[in-house]
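User: Please take a close look at one part of this model and describe its surroundings in connected prose. Start with a single residue and its contacts, then work outward to the strands and the pocket.

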Amino acid sequence: MTTGTGAALRAAAYAGGTTWIVGEGGTTLILDRGAVAARRLDLGTASPLRAVFARGREVWIVGSDGPRAAVWRVGGAVQTRWGDC
């Protein structure tokens, strides 16, 4: 599956009525229950995002590009990042 920009999507997770979808070029889409269209979340990266999973009310996103990697934790309005990707 690709986005309107042609970015390949790689992984999805469902948490609390929301579907999180991640992929190439730092693409992060959020589809809320009942929504007609997904909204985008800017993680401040253009690196490929490889995985997304939910843990309670938090969503964790993993990205890697060659030897560089990063992890984002998103919970409510708080966004934390570890790594350089």
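Analyst: Leaving aside residues up to four places away in sequence, Ser-47 touches Gly-23, Gly-25, Gly-26, Asp-65, Arg-68 and Cys-85. The model is a predicted one. Ser-47 itself sits in the loop between β4 and β5, the latter spanning 49-55. Its relative accessibility is 4%, and because buried means under 20%, Ser-47 counts as buried. One of the residues it touches, Arg-68, also meets it through a polar contact: the two side chains come to 3.4 Å.

Among the other contacts of Ser-47 is Gly-25, which belongs to the hairpin of β2 and β3. That hairpin has four residues between its strands, and Gly-25 takes a positive phi near 65 degrees. Gly-23, another residue touched by Ser-47, falls within β2, which covers residues 18-23. Strand β2 runs antiparallel to β3 (residues 28-32), and five bridges join the two. Within this pairing, Trp-20 has Ile-30 of β3 as its bridge partner.

On the other side of the hairpin, β3 continues the pairing with β4. These two strands are also antiparallel, with two bridges joining them. Leu-29 stands opposite Arg-40 of β4. β3 and β4 make a hairpin as well, this one with six residues between the strands. In its turn, Gly-34 has a positive phi of about 85 degrees.

Taken together, these strands belong to an open sheet of four, ordered β1-β2-β3-β4, with antiparallel pairing. Its edges are β1 (9-15) and β4 (39-40), each of which pairs on one side only. The loop that holds Ser-47 therefore follows an edge strand, as it lies between β4 and β5, where strands are numbered from the N terminus.

Strand β2 also leads to the largest pocket. About 240 Å³ of space lies in this pocket. Its lining has 16 residues, and those nearest the centre are Thr-18, Trp-20, Arg-57, Val-59 and Gly-76. The elements giving two or more residues to the lining are β2, β7 (68-75) and β8 (78-83). By type, the lining divides into eight nonpolar, six polar and two charged residues.

Two links tie the pocket back to the earlier description. Trp-20, one of the residues nearest the pocket centre, is the bridge partner of Ile-30 in β3. Strand β7, which spans 68-75 and contributes to the lining, includes at its start the position of Arg-68, whose side chain makes the polar contact with Ser-47.

Terms used:
Residues are numbered from 1 along each chain as its sequence is written. This is a predicted model: local features need pLDDT of at least 70, side-chain atom pairs count only at pLDDT 80 or more; totals for chains, interfaces and linings use all residues. Side-chain values use heavy atoms; hydrogens and water are left out. Two strands pair if DSSP finds at least two bridges between them. Buried means under 20% relative accessible area, exposed over 50%, partly exposed in between (1.4 Å probe, protein chains only). A polar contact is a pair of N or O atoms within 3.5 Å; within protein, one must be able to donate a hydrogen and the other to accept it, and residues adjacent in sequence count only if both atoms are side-chain atoms. Contact means heavy atoms within 4.5 Å. On a 1 Å grid over the protein atoms alone, a cavity is a set of points where a 1.4 Å probe fits but cannot get out, and a pocket is an open set with protein on both sides within 12 Å along at least five of seven lines; lining residues have an atom within 4 Å of a point. Grid points are joined across faces, edges and corners, and a volume is the space filled by probe spheres set on the points. Ala, Val, Leu, Ile, Met, Phe, Trp, Tyr, Cys and Pro count as nonpolar, Asp, Glu, Lys and Arg as charged, and the others, Gly among them, as polar.
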